[in-house]
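Reader: I should like to learn how to read a protein model step by step. May we begin with the whole chain and then proceed to single residues?

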Amino acid sequence: MKKITRTLAARFPLILVHWVDSSSRRGVWNPLEELRHDDVALACVSVGFLMKESHQSLTIAAHLTEHQGGGDMCIPTCAITKRTILKH
(Lines give C-alpha, C1' and ligand atoms only; values in the text may rest on other atoms or scores of the structure.)
Protein backbone atom coordinates (compact mmCIF):
# COMPACT_ATOMS: atom_id res chain seq x y z
CA MET A 1 0.00 0.00 0.00
CA LYS A 2 2.78 2.47 0.87
CA LYS A 3 4.49 1.81 -2.47
CA ILE A 4 1.27 2.70 -4.37
CA THR A 5 0.89 5.88 -2.30
CA ARG A 6 4.49 6.95 -2.98
CA THR A 7 4.11 6.19 -6.69
CA LEU A 8 0.92 8.27 -6.95
CA ALA A 9 2.51 11.11 -4.97
CA ALA A 10 5.46 11.16 -7.35
CA ARG A 11 3.23 11.24 -10.43
CA PHE A 12 0.50 13.58 -9.17
CA PRO A 13 1.48 16.36 -6.76
CA LEU A 14 -1.06 17.39 -4.13
CA ILE A 15 -2.02 21.02 -4.74
CA LEU A 16 -4.03 23.72 -2.95
CA VAL A 17 -5.75 26.09 -5.41
CA HIS A 18 -7.36 29.44 -4.58
CA TRP A 19 -9.67 30.62 -7.35
CA VAL A 20 -12.67 32.83 -8.06
CA ASP A 21 -16.02 31.77 -9.45
CA SER A 22 -19.05 33.58 -10.80
CA SER A 23 -22.03 34.15 -8.56
CA SER A 24 -25.73 34.76 -8.89
CA ARG A 25 -28.04 36.30 -6.35
CA ARG A 26 -30.90 33.87 -6.71
CA GLY A 27 -30.41 31.93 -9.92
CA VAL A 28 -33.81 33.06 -11.25
CA TRP A 29 -35.06 35.88 -13.46
CA ASN A 30 -35.36 39.19 -11.60
CA PRO A 31 -36.53 42.73 -12.39
CA LEU A 32 -33.67 44.80 -13.81
CA GLU A 33 -33.67 47.12 -10.77
CA GLU A 34 -32.89 44.16 -8.51
CA LEU A 35 -29.92 43.09 -10.63
CA ARG A 36 -27.93 46.19 -9.69
CA HIS A 37 -26.29 44.68 -6.63
CA ASP A 38 -22.75 44.80 -5.33
CA ASP A 39 -22.14 41.07 -5.05
CA VAL A 40 -18.61 39.99 -5.85
CA ALA A 41 -17.12 36.85 -7.28
CA LEU A 42 -16.97 33.87 -4.94
CA ALA A 43 -13.59 33.07 -3.38
CA CYS A 44 -13.05 29.30 -3.65
CA VAL A 45 -10.43 26.89 -2.34
CA SER A 46 -9.87 23.38 -3.71
CA VAL A 47 -7.38 20.64 -2.86
CA GLY A 48 -6.54 17.72 -5.09
CA PHE A 49 -3.97 15.80 -7.04
CA LEU A 50 -2.70 17.69 -10.09
CA MET A 51 -3.74 15.59 -13.07
CA LYS A 52 -3.21 17.99 -15.97
CA GLU A 53 -2.16 21.57 -16.54
CA SER A 54 -2.21 23.71 -19.66
CA HIS A 55 -2.19 27.41 -20.42
CA GLN A 56 -6.03 27.30 -20.33
CA SER A 57 -6.81 25.19 -17.27
CA LEU A 58 -5.69 23.05 -14.36
CA THR A 59 -7.37 19.73 -13.56
CA ILE A 60 -7.27 18.21 -10.09
CA ALA A 61 -8.78 15.00 -8.68
CA ALA A 62 -9.78 14.49 -5.06
CA HIS A 63 -9.54 10.69 -5.06
CA LEU A 64 -7.00 8.34 -6.64
CA THR A 65 -6.42 4.62 -6.76
CA GLU A 66 -3.64 2.91 -8.65
CA HIS A 67 -5.65 3.03 -11.91
CA GLN A 68 -8.62 5.37 -11.36
CA GLY A 69 -9.49 8.82 -10.09
CA GLY A 70 -12.61 10.69 -9.07
CA GLY A 71 -13.88 14.00 -7.78
CA ASP A 72 -12.22 15.85 -10.63
CA MET A 73 -12.40 19.62 -11.12
CA CYS A 74 -11.18 21.61 -14.12
CA ILE A 75 -10.39 25.21 -13.13
CA PRO A 76 -9.72 27.86 -15.80
CA THR A 77 -6.24 29.35 -15.40
CA CYS A 78 -7.67 32.88 -15.53
CA ALA A 79 -9.70 32.12 -12.37
CA ILE A 80 -6.70 30.98 -10.29
CA THR A 81 -5.40 33.53 -7.81
CA LYS A 82 -2.91 31.35 -5.88
CA ARG A 83 -1.60 27.79 -5.92
CA THR A 84 0.57 25.88 -3.48
CA ILE A 85 2.12 22.43 -3.83
CA LEU A 86 1.49 20.52 -0.59
CA LYS A 87 3.79 17.90 0.92
CA HIS A 88 2.25 14.46 1.42
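**Reading the chain from surface to core**

Author: Let us begin with the surface. The protein chain exposes about 6,900 Å², and carbon and sulfur atoms supply 57% of this area. Please keep in mind that the model is predicted.

Reader: What share of the 88 residues counts as buried?

Author: Of the 88 residues in the protein chain, 22% count as buried.

Reader: Which secondary structure elements does the chain contain, and in what pattern do they follow one another?

Author: The protein chain has one helix and five strands. Along the sequence, the pattern reads α-β-β-β-β-β.

Reader: How should I read the pairing of strands β2 and β3?

Author: Two points deserve attention, namely the sense of the pairing and the connection. Strands β2 and β3 pair in the antiparallel sense, over four bridges. One of the bridge pairs joins Phe49 to Ala61 in β3. The connection is a hairpin, in which three residues lead from β2 to β3.

Reader: What is found on the other pairing of β3, with β4?

Author: Strand β3 also pairs with β4 (residues 69-76) in the antiparallel sense, over seven bridges. Here Ser57 has Pro76 in β4 as its bridge partner. These two strands likewise form a hairpin, with four residues between them.

Reader: Where does Ser54 lie, and which backbone nitrogen is 3.1 Å from its side chain?

Author: Ser54 is placed in the loop between β2 and β3. A polar atom of the Ser54 side chain lies 3.1 Å from the backbone nitrogen of Gln56. With a relative accessible area of 30%, Ser54 is partly exposed. Ser54 and Thr77 are 23 residues apart along the chain, while their C-alpha atoms are separated by 8.1 Å.

Reader: How does one read a nonpolar core, and which residues form the largest one here?

Author: The general idea is that in soluble globular proteins, nonpolar side chains tend to be buried together. In this model the largest nonpolar core has nine residues: Ile15, Val17, Trp19, Cys44, Leu50, Leu58, Ile60, Ile75 and Ala79. Strands β1 (14-21), β2 and β3 (57-64) each supply at least two residues of this core. The largest share, three residues, comes from β1.

Reader: Is Leu58, as a member of this core, buried or exposed?

Author: Leu58 is buried, because its relative accessible area is 1% and the limit for a buried residue is under 20%. Leu58 is found in strand β3. Leaving out residues up to four places away in sequence, Leu58 touches several residues, among them Ile15, Val17, Leu50 and Ile75. Its contacts also include Lys52, Glu53 and Arg83. From Leu58 to Ile75 the C-alpha distance is 5.3 Å, although the two are 17 residues apart in sequence.

Reader: What does Cys44, another core residue, touch?

Author: Cys44 touches Val17, His18, Trp19 and Asp21, when residues up to four places away in sequence are not counted.

Reader: Thr59 does not appear among the core residues that you named. Is Thr59 buried or exposed?

Author: Thr59 counts as buried, at 19% relative accessibility. Thr59 lies in strand β3. Apart from its neighbours within four places in sequence, Thr59 is in contact with Phe49, Leu50, Met51, Lys52, Met73 and Cys74.

Reader: How are charged side chains to be read, and how many salt bridges are there?

Author: The general idea is that side chains of opposite charge can pair when their charged atoms come close. The count in this model is one salt bridge. Arg83 forms this bridge with Glu53, and their closest N and O atoms are 2.3 Å apart. Since Arg83 lies in strand β5 (residues 80-86) and Glu53 in strand β2 (residues 42-53), the pair ties together parts that are 30 residues apart in sequence.

Reader: How accessible are Arg83 and Glu53?

Author: Arg83 counts as partly exposed at 36% relative accessibility. Glu53 is also classed as partly exposed, at 45%.

Reader: What share of the contacts with a separation of 6 or more joins residues 24 or more positions apart?

Author: Residues 24 or more positions apart account for 54% of those contacts in the protein chain.

Note on methods:
Residues numbered from 1 in each chain as written. Predicted model: local features only at pLDDT ≥ 70, side-chain atom pairs only at ≥ 80, totals over all residues. Heavy atoms only, no water. Salt bridge = Lys/Arg side-chain N within 4 Å of Asp/Glu carboxyl O. Buried < 20%, exposed > 50% of the residue type's maximum accessible area, 1.4 Å probe, protein only. Core = buried A, V, L, I, M, F, W, Y, C linked by side-chain atoms within 4.5 Å. Contact = heavy atoms within 4.5 Å. Polar contact = N/O pair within 3.5 Å; in protein donor to acceptor, adjacent residues only side chain to side chain. Pairing = 2+ DSSP bridges. Areas by Shrake-Rupley, 256 points an atom, 1.4 Å probe, with all protein chains shown as cover.
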